[in-house]
Amino acid sequence: MARVVLTDSLSKQFTNGAGEFEIAASSVRQLIRELDARYPGLGTQVEEGFLSVAIDGEIHQDAFLEELREDSEVAFLPAIRGG
Amino acid sequence: MAADKPDYKWVGTRTIRPDGHDKVTGRAKFGSDFTLSGMIHGRVLRSAHAHAVIKSIDTSAAEALPGVRAVITSKDFADQPSELAAAGEAMVNYKDMTRNVMAREKALYDGHAVAAVAATTVEIAEAALELIKVDYDVLPHVIDVDDAMQDGAPILDESLVPVGMDAKGPTNIAKRVEFTLGDAAKGFDAADVVLERSYKTAAVHQGYIEPHAVVSSVSEDGQAQIWCCTQGQFMVRTFTARLCGMPASSIRVTPSEIGGGFGGKTVVYLEPLATMLSKKAGKPVKMTMSREEVFRASGPTSAGSMTYKIGAKKDGTITAVEAEIRLLAGAFPGSPVQPACMCAVAPYDIENVHLVGYDVVVNRPKVAAYRAPGAPISAFGAESIIDELAKELGMDPLEIRAKNAAKDGTKAAYGPTFRNIGYEETVKQAQAHAHYTAPLGPNQGRGVASGFWFNIGGESSATVNINEDGTAVVVSGNPDIGGSRASLAMMAAEELGIDYSNVRPIIADTASVGYNFLTGGSRVTFATGLAVVEAARDAVRQLCERAAKIWEVDAEGVIWDDGHAKPASTNVGEFEPLSLASLAASASKTGGPICGHNAQNVQGAGPGFATHICDVEVDPETGCVTVLRYTAIQDVGRAIHPSYVEGQIQGGAAQGIGWALNEEYIYSDKGTLDNPGFLDYRIPVASDLPMIEAVMVEVPNDRHPYGVRGVGEVPIVPPMAAVANAIENATGVRMEALPMSPPRILAALDAARVKQAAE
Amino acid sequence: MAKHHVSVTLNGEPTEFLCSTRQTLLDVLRDELNLTGSKEGCASGDCGACSVMVDGRLVCSCLVMGAECDGKSVETIEGMADGEKLHPLQQTFLEEAALQCGICTPGVLVAAKALLERNNNPTETQVRYWLAGNLCRCTGYDKIVRAVMKTAAEMRGGA
């Protein structure tokens with residue numbers, strides 16, 4: 001089961017405030033489909049909403065093909081750039 | 001926890017950079033050093049009003065002036081729908097971008113471009129500007145972030161709908177963000193000590209010494225070539241194509257050497273203008289910004305207004321942090337308020353955190369990224385209040401940081417769990433450093449502060465071409481701001497097993513290398529470096545295959561060692577090693593040119609942490625602050641070229657010191673910029689600073705073959721609070737606003753003296 | 001508008017150019033003589049990126065008019081190396097990584113050379129104050145100052 005962590009604005013908008021929950025998924029792509037199933041629109045927002053994804057603490061700009069482990073933590077955060 | 005350092009031949013040494021000779025002889029070509037025959041010159045007409053409706057622009061007299069070849073206004077640019085851009089740095093909206101580059105309905109800041117002219121000489125172009133008649137309807141303006149949030153403030157854009165909150169009517173608030181961990185209210189209940197403070201920072205400019213410059217040449221068939229100083233030639237291509245209504249494939253952008261960027265050259269200003277002028281004039285157009293234009297019209301970073309509340313137990317455990325951070329975005333939305341919130345207390349393991357951020361538009365130039373965007377501002381507040389907390393609890397400021405330090409497994413306030421980080425090590429090294437216990441004299445004080453930045457990876461492409469003579473060319477696409485091409489060459493030399501002097505790194509234009517995300521985000525040595533390493537390994541694979549062909553053995557039976565193909569074992573056969581040079585010489589017979597290649601979206605950038613120690617002396621008569629000693633300790637992963645890593649640390653610290661002590665945008669009551677020059681916008685000069693000791697802690701990033709971690713941005717995050725904490729230590733006076741310039745320090749000292757006399 | 005005909009000794013060689021009244025020496029060097037080593041950072045004499053020597057005096061070439069150089073000697077960054085042989089300052093700057101983006105480097109080198117010609121044993125403070133007119137945004141000046149002092153020591157010891 002992957003542990004999903006959402007930003008406040010995402011959780012307010014889509015999950016009625018639930019900021020952390022578990023989803024069964026072995027890849028990020030599968031996770032997004034499950035998110036959309038459970039919270040309609042959330043998966044699409046995650047895919048198109050300029051977010052960075054942190055898998056087990058590592059930030060990915062483009063994580064959609066990444067595999068997840070048994071108990072991976074997947075955090076969706078505002079896109080990080082730099083200067 | 002530092003891993004044993006492997007025995008590298010090149011990585012970790014201090015080589016001479018390949019572009020060095022050209023740079024010390026003046027031969028290197030920067031943005032404005034480029035010329036094309038037949039070139040004409042462009043100049044921009046800029047609004048002198050902070051806020052005005054543009055009722056009409058009459059360019060007829062300018063167009064009629066002999067020597068003028070083209071005049072443009074917003075009419076020449078198609079309007080853009082509201083759509084976020086992913087190719088640049090901060091999330092930019094094309095609708096805003098086209099308006100920033102050339103004003104449409106309104107002039108929104110002093111310096112906003114309203115028209116541009118190209119003429120045969122600079123003098124004629126400037127004369128033509130004088131002939132353009134703009135009819136303005138001047139409006140009330142607002143330039144302070146808190147003022148802009150008040151009811152009744154002048155509104156920049158009536159149609160602005162804030163993201164993340166509801167608005168009662170027209171507003172200047174573009175966005176509200178929120179980050180929550182645990183329950184801050186409970187955390188404060190559990191605290192023995194609770195402090196609340198407010199802080200302000202002023203807008204500062206990246207201060208690159210080289211102004212923006214471009215030459216754009218559009219031929220009659222619509223193909224464009226652009227030479228410019230930029231942090232991202234692919235970004236320039238994308239944005240210019242979009243704004244000028246041209247296909248990206250028709251634009252070829254060649255980056256010149258770049259004279260500083262720090263985030264300020266991750267967007268376009270002149271490039272679309274020069275391109276449109278060139279299109280109209282049928283000639284190459286050169287445009288440069290004067291220093292005044294750089295200050296008035298290119299993006300500085302945000303000014304900030306913040307409130308912080310912190311709670312802790314008597315033993316120093318921080319139980320809760322709450323903060324509201326308000327950053328000004330300039331004329332269009334897009335301040336770095338999100339990363340500001342995310343970085344504020346990132347070095348710490350705190351159970352209960354509640355951070356709210358506001359992005360607010362005001363009549364100032366649109367802000368651009370500046371080295372760890374947002375983080376230095378929020379860290380000023382966080383690291384100052386933690387210092388005050390330490391004092392309140394009677395705890396050593398490094399001790400309280402050590403006690404609450406984020407470690408592997410700590411959940412960051414912005415979401416993910418940290419893994420493989422080096423923050424604790426930086427605090428420990430600070431505690432052990434001789435600087436921390438050196439004696440201080442009268443009017444002297446010491447301050448410490450910590451900082452964090454995420455660092456990024458991103459899209460990277462590289463090619464390693466093996467030349468017939470056994471040398472190699474490393475082709476990549478990131479402008480070299482701080483010596484990165486030397487590191488790329490060193491990593492390639494290490495992989496190939498050849499001499500560093502035989503590896504030539506080049507920075508290619510948009511047509512000659514695959515896509516690269518821009519130079520920024522502390523990513524080049526990490527991400528482009530990784531692509532270079534993989535490309536070199538690809539070349540090595542091919543070299544081994546060639547040897548296998550020559551020896552008539554299986555490719556698995558060949559290994560690469562010390563620049564030579566060798567049989568993996570005696571079972572494979574008795575063969576003399578084949579050098580890279582000999583394999584290169586026979587390449588045409590064994591299969592053709594040998595080119596290693598790699599392109600990927602690099603993930604796994606490791607975050608960076610730093611702890612700084614600063615000593616100051618405050619002159620009680622003038623309020624002048626002298627920085628006596630500065631030590632910057634940073635987790636750098638692995639230093640490929642130690643000198644250039646030190647250089648990033650020293651340079652970032654110097655910018656932070658300038659931000660702390662003297663730099664600020666000063667506005668008149670008309671909303672015009674009073675100090676658009678280096679005389680009155682005071683960046684640190686050589687006599688302002690001491691030597692800056694850079695201590696590199698190496699906790700290798702296991703996601704990079706050489707353990708590289710981004711280093712460029714973290715060093716600017718701690719200095720402002722480190723200096724403020726040192727001033728407090730020296731004088732007993734807590735400065736809560738930047739810059740801490742002499743008049744302000746003097747006023748604070750006087751106020752404290754009066755207060756003391758009264759008590 | 002009539003142009004001025006100006007004769008100078010440029011990096012040791014007799015050189016002539018035409019310039020308008022409003023052109024500064026920096027404009028002339030860059031736009032008329034194609035010597036782009038001197039840089040424009042501010043055009044107001046605040047950043048030092050345009051530093052050159054005129055009649056042996058360190059100046060900001062953006063504050064000197066092209067026309068007022070008639071009969072004078074001008075030395076720029078392009079004249080600092082001796083053919084293929086770098087000046088010791090140039091060499092040490094490379095070895096000590098005293099440059100990052102490199103835009104301020106020509107001005108800093110010209111200024112540092114002027115210092116060492118006057119004072120071959122400057123203290124750190126003297127180096128810092130002499131170079132206070134050369135802005136650098138990348139390095140924080142640490143490696144620049146070290147490189148100048150190291151070169152001074154080498155030039156004292158070597159020759």
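Here are a few worked exercises on a predicted model, going chain by chain.

Residues are numbered from 1 along each chain as its sequence is written, and chains are lettered from A, ligands numbered from 1, in the order in which they are written. Since the model is predicted, local features need pLDDT of at least 70 and side-chain atom pairs count only at pLDDT 80 or more, while totals for chains, interfaces and linings use all residues.

**Exercise 1. Work out what chain A is built from and what box it fills.**

Step 1: count the pieces. Chain A has 3 helices and 5 strands. (Helices, H or I with at least four residues, and strands, E with at least two, are DSSP runs numbered from the N terminus.)

Step 2: read along the sequence. The pattern of chain A comes out as β-α-β-α-α-β-β-β.

Step 3: check the dimensions. The C-alpha atoms of chain A fit a box of roughly 35 × 25 × 20 Å along the principal axes. A compact globule of 83 residues would have a radius of gyration near 12 Å, and chain A agrees, because its own value is 12 Å. (That radius is taken over C-alpha atoms, and the globule rule is 2.2 Å times the number of residues to the power 0.38.)

Step 4: look at burial. In chain A, 46% of the 83 residues count as buried. (Buried means 20 or more other C-beta atoms within 10 Å of the residue's own, exposed means 12 or fewer, and partly exposed is in between; C-beta atoms are placed from the backbone.)

Step 5: look at contacts. Of the contacts in chain A with a separation of 6 or more, 47% are between residues 24 or more positions apart. (Two residues are in contact if their C-beta atoms, placed from the backbone, lie within 7 Å.)

**Exercise 2. Lay out the sheet of chain A and follow strand 3 through it.**

Step 1: order the strands. The 5 strands make an open sheet, 2-1-5-3-4, with mixed pairing. (Two strands pair if DSSP finds at least two bridges between them.) Strand 2 (20–23) and strand 4 of chain A are the edges, each pairing on one side only. From one strand to the next, the twist averages 30°. (Axes are lines fitted to C-alpha atoms, for helices over the stretch in contact, and angles run from 0 to 180 degrees between N-to-C directions.)

Step 2: find strand 3's partners. Strand 3 of chain A runs antiparallel to strand 5 of chain A, joined by 5 bridges. Strand 3 of chain A also pairs with strand 4 of chain A in the antiparallel sense, over 3 bridges.

Step 3: zoom in on residues. A:Ala54 has A:Ala75 as its bridge partner in strand 5 of chain A, and A:Ile59 in strand 4 of chain A. A:Ser52 is bridged to A:Leu77 in strand 5 of chain A.

Step 4: ask how covered the strand is. In strand 3 (residues 51–55) of chain A, 5 of its 5 residues are buried. A:Leu51, A:Val53 and A:Ile55 point one way, while A:Ser52 and A:Ala54 point the other way.

Step 5: turn the corner. The hairpin of strand 3 and strand 4 of chain A has 2 residues between the strands, and A:Asp56 takes a positive phi near 50° there.

**Exercise 3. Find out how chain A meets the other chains.**

Step 1: sort the pairs. There are 2 pairs of chains in contact, and chains B and C share the most contacts. Chain A and chain C do not touch, with their nearest C-alpha atoms 14 Å apart.

Step 2: size up the contact of A with B. Chain A gives 23 residues and chain B gives 40 residues. On the chain A side, helix 1 (8–14), strand 4 (58–60) and strand 5 (73–78) each give two or more residues. Strand 5 of chain A has the largest share, 4 residues.

Step 3: sort by class. The side of chain A that touches chain B has 9 nonpolar, 8 polar and 6 charged residues. (Ala, Val, Leu, Ile, Met, Phe, Trp, Tyr, Cys and Pro count as nonpolar, Asp, Glu, Lys and Arg as charged, and the others, Gly among them, as polar.)

**Exercise 4. Describe the sheet of chain C.**

Step 1: order the strands. Chain C has an open sheet of 5 strands in the order 2-1-5-3-4, with mixed pairing. Its edges are strand 2 (13–19) and strand 4 (57–60) of chain C.

Step 2: pick one pair. Strand 3 (residues 51–54) and strand 5 (residues 73–75) of chain C are antiparallel, with 2 bridges. C:Val54 has C:Val74 as its bridge partner in strand 5 of chain C.
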